[in-house]
Protein chains: 2
Amino acid sequence: MRKNDARTRVLAAASRLFYRDGIHAVGVDAVAAEAGVAKASLYGNFGSKNQLVVAYLRDRDQRWQERVDAITAAHTAPRDRVLALFDAYADWITGDGYRGCAFLNAAAEFPDPADPVREVVRHHKAALRSYLGAQLRETPDRADEVVLLLEGSAAAAVVAQDPQPFHIARRLAESLLA
Amino acid sequence: MRKNDARTRVLAAASRLFYRDGIHAVGVDAVAAEAGVAKASLYGNFGSKNQLVVAYLRDRDQRWQERVDAITAAHTAPRDRVLALFDAYADWITGDGYRGCAFLNAAAEFPDPADPVREVVRHHKAALRSYLGAQLRETPDRADEVVLLLEGSAAAAVVAQDPQPFHIARRLAESLLA
DNA sequence: CAGCAACTAGACAGACCTGTCTGTATGGTT
DNA sequence: AACCATACAGACAGGTCTGTCTAGTTGCTG
């Protein structure tokens, strides 16, 4: 087996299970089985379940940044880029298995603000704010408002099980950025 | 001990612990101990932990409705009533122990949309939508937008540990309702 | 070819979980 | 006064959790 292959597969399995079922609800045995990997390899690579959770969120943050970059590349005007984000979020719920923002879900399961998990969550949200701030640098207040619309629609879509919140948010964002 | 006293105390203890630490992280022994009640009384009154969780959320929903009614009573104009909601939310985070919306947190811990827990969550959000719809019945689109702003700011405030999201959302709501 | 790092399966300890059960005490109602 | 629903404390069963450990296997590298 190639070096770090076990690590990669554990991370992929953790991402699927933690996101789908919730973090506390998934044991390390389940992650190892889903990855097709021995538990010792999981502990050898990550040290503890908590560190695996942090790695899972960091990985997800990185993949999210890459997706945002891909969306950015397809448009030039800041306004189009931001609106494309709403479309991407709406597409996200259309494919099944939508469970909302993995970072907000993790924050719900880890109450202590000093927990390393919460630091990753803050980092992710800061990155979102930073991206929007860069796109809308001439109207910084708009960036904060768009963040609220994105977070709100992601949360509302979980309950509604429907992309409509994204459509409402997008329409509102359109008029905000007019 | 008076009839149903144990039930009331269990519900109060569950509300404290489930909200503060998360539902999966709190065992029934901890709830019984916090309530100063025997575990058999807990099971006699609620049947199972899952049913206790449902009762906890229903109770919270009811208390929330009462608070909203109190806020409503202090204002007459629909616009003032809605804006007062944002103020109440901002006050909420100012007192410590803020952990966001208990219903969104519960939804994060109970992934199955068919779970009774999720039904209570949908009921709560429908009540919020219904309240705003009644206040803003002449501009129903505004109601959906205000819901997004409230949900978004509640979620963002958890991560930020700061009432600023509520201020931003309130400012945006003000201009929406102008 | 030898050695080493990373993998494998699986048993194990110790803690915690939910839910049940036994047996006793107590307060309100008839 | 007698009864009964409800409360109590706490042991218990059966399962799952995290994390460790043993022992054997595989595959790259010098």
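How far is a phosphate oxygen of DNA strand C from an N or O atom in the side chain of A:Asn45? The two are 3.5 Å apart.

## Ground rules

This is a predicted model, where local features need pLDDT of at least 70 and side-chain atom pairs count only at pLDDT 80 or more, while totals for chains, interfaces and linings use all residues. Residues are numbered from 1 along each chain as its sequence is written, chains are lettered from A and ligands numbered from 1 in the order in which they are written, and side-chain values use heavy atoms, with hydrogens and water left out.

## Around strand C

Let's stay with DNA strand C. It has 17 residues around it (a heavy atom within 4 Å), and A:Ser41, B:Val28, B:Asp29, B:Lys39 and B:Lys49 are the closest. Sugar or phosphate makes up 63% of the strand C atoms within 4 Å of the protein, and bases the rest.

A:Ser41 puts a polar side-chain atom 2.6 Å from a phosphate oxygen of strand C, and a polar backbone atom of A:Ala38 sits 3.0 Å from a phosphate oxygen of that strand. Polar contacts here are pairs of N or O atoms within 3.5 Å. H3 of chain A, plus helix H2 (28-35) and H3 of chain B, each give two or more residues to this surface; H3(B) gives the most, with three.

## Around strand D

DNA strand D has 18 residues around it, and A:Val28, A:Lys39, A:Tyr43, A:Lys49 and B:Ser41 come nearest. Sugar and phosphate account for 65% of the strand D atoms that come within 4 Å of the protein.

Backbone N or O atoms do some of the work of pairing up here: that of A:Val28 lies 2.7 Å from a phosphate oxygen of strand D, and that of A:Lys49 lies 2.8 Å from one. From chain B, a polar side-chain atom of B:Asn45 lies 3.4 Å from a phosphate oxygen of strand D.

## How the two chains relate

Chain B lands on chain A after a rotation of 180 degrees with 0.0 Å of shift along the axis, at RMSD 0.0 Å (least squares on C-alpha atoms of residues with pLDDT of at least 70 in both). The two copies are thus related as by a two-fold rotation axis. In chain B, the residue closest to that axis is B:Gly152, with its C-alpha at 1.7 Å.

## A helix pair in chain A

Helix H5 (residues 78-94) and helix H8 (residues 140-160) of chain A pack at about 10 degrees, axes 11 Å apart. That makes them roughly parallel (angles under 35 degrees).

Terms used:
Polar contact = N/O pair within 3.5 Å; in protein donor to acceptor, adjacent residues only side chain to side chain. Axes fitted to C-alpha atoms, helices over the stretch in contact; angles between N-to-C directions. Helix = DSSP H or I, 4+ residues; strand = E, 2+ residues; numbered from the N terminus. Parallel < 35°, antiparallel > 145°, perpendicular 65-115°, else oblique.
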